[in-house]
Amino acid sequence: MKQSAYLISLKEYCQPNGILSVIEENRTLPFAIRRCFFIYDLKPEDKRAVHAVNNQQCIFMLKGACDVMIHDGKQESVYHLEAPTQGIYIPPMFWREIRNCAPGSMLVVFSDQYYDPDAYIRDFDAFLRYREEVEE
């Protein structure tokens, strides 16, 4: 797997009556959207995600701030999101953890697949073993 996670910055269209930012499938996001969900009412001690999943996702900060840790099987990277124009693209089967959220934070997640509980790895050691097998 040669994919990597990366930051996405949305354009802002500022007008006297507010700011508009746009997310479009296969344009802003590198995939067609099959699922969208929100994570909100987060507290600083909460951890969310804490898994790898076999689909592409993009996470955007709608309100507040948080850190998103991404692990590709060899290296960990942490991205700090704190604006509605900031997002992160996560390729399939990269470990992710959402943590250190400001109180009241809200995120939106876009996915290229419908929910499938069998598509998840929820144990970090099992994830590392999977990545080793895939890269052999």
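Start at cysteine 36, which sits opposite phenylalanine 110 of strand β11. Keep in mind as you look that this is a predicted model. The strands around that spot are β4 and β11 (residues 105–111), which run antiparallel and are joined by seven bridges.

Now zoom out a little. β4 and β11 belong to an open sheet of five strands, and if you walk across it you meet them in the order β1-β9-β6-β11-β4, with antiparallel pairing. What is left without a neighbour at the edges? β1 (6–9) and β4 (35–42) each have a single partner strand, so one side of each has no neighbour in the sheet. The strands aren't perfectly lined up, either: on average, neighbours in this sheet are turned by 25 degrees against each other, ignoring direction.

There's another open sheet to find. It has five strands too, in the order β8-β7-β10-β5-β12, and the pairing is again antiparallel. Here the edges are β8 (76–81) and β12 (120–121), each of which pairs on one side only.

Let's stay with β10 for a while. On one hand, β10 (residues 95–99) pairs with β7 (residues 66–71) in the antiparallel sense, over five bridges. On the other, β10 pairs with β5 (residues 48–53), also in the antiparallel sense, this time over three bridges. You can pick out individual partners: histidine 71 has tryptophan 95 of β10 as its bridge partner. Isoleucine 98 is a nice residue to click on, as valine 68 stands opposite it, and arginine 48 stands opposite it as well.

So is β10 buried or exposed? It is mostly covered, with five of its five residues buried. Follow the side chains and you'll see that both faces are covered: Trp95, Glu97 and Arg99 are buried on one side, and Arg96 and Ile98 are buried on the other.

Next, the rings. Searching the whole structure turns up seven aromatic pairs. One of them is formed by tryptophan 95 and phenylalanine 127, a tilted pair with 5.6 Å from centre to centre and 45 degrees between the planes. Why does this pair tie together parts that are 32 residues apart in sequence? Tryptophan 95 lies in strand β10, while phenylalanine 127 lies in helix α1 (residues 124–135), so the pair links those two parts. Tryptophan 95 and phenylalanine 127 are both buried.

Compare that with tyrosine 115 and tyrosine 120, another tilted aromatic pair, at 5.7 Å centre to centre and 50 degrees between the planes. How covered are these two? Tyrosine 115 is partly exposed, because its relative accessible area is 44%, whereas tyrosine 120 counts as buried at 15% relative accessibility. The cut-off behind that call is simple: buried means under 20% relative accessible area. Elsewhere, ring pairs link Tyr6, Phe31 and Tyr89 into a cluster.

Let's finish on the outside. Which residues form a nonpolar patch on the surface? They are Tyr13, Leu20 and Val22, and together they have about 260 Å² of accessible area. Take leucine 20, which you'll find in strand β3 (residues 18–20). With a relative accessible area of 48%, leucine 20 is partly exposed.

Conventions:
Residues are numbered from 1 along each chain as its sequence is written. This is a predicted model: local features need pLDDT of at least 70, side-chain atom pairs count only at pLDDT 80 or more; totals for chains, interfaces and linings use all residues. Side-chain values use heavy atoms; hydrogens and water are left out. Patches are made of residues with over 30% relative accessible area and no salt bridge: like charges are joined within 9 Å, nonpolar side chains (Val, Leu, Ile, Met, Phe, Trp, Tyr) within 5 Å. Accessible areas come from the Shrake-Rupley method with a 1.4 Å probe; for residues, only the protein chains shown count as cover. A salt bridge is a side-chain nitrogen of Lys or Arg within 4 Å of a carboxyl oxygen of Asp or Glu. Helices (H or I, at least four residues) and strands (E, at least two) are DSSP runs, numbered from the N terminus. Buried means under 20% relative accessible area, exposed over 50%, partly exposed in between (1.4 Å probe, protein chains only). Two strands pair if DSSP finds at least two bridges between them. Axes are lines fitted to C-alpha atoms, for helices over the stretch in contact, and angles run from 0 to 180 degrees between N-to-C directions. Rings of Phe, Tyr and Trp (its six-membered ring) pair if their centres lie within 6.5 Å; planes under 30 degrees apart count as stacked, over 60 as edge-to-face and the rest as tilted.
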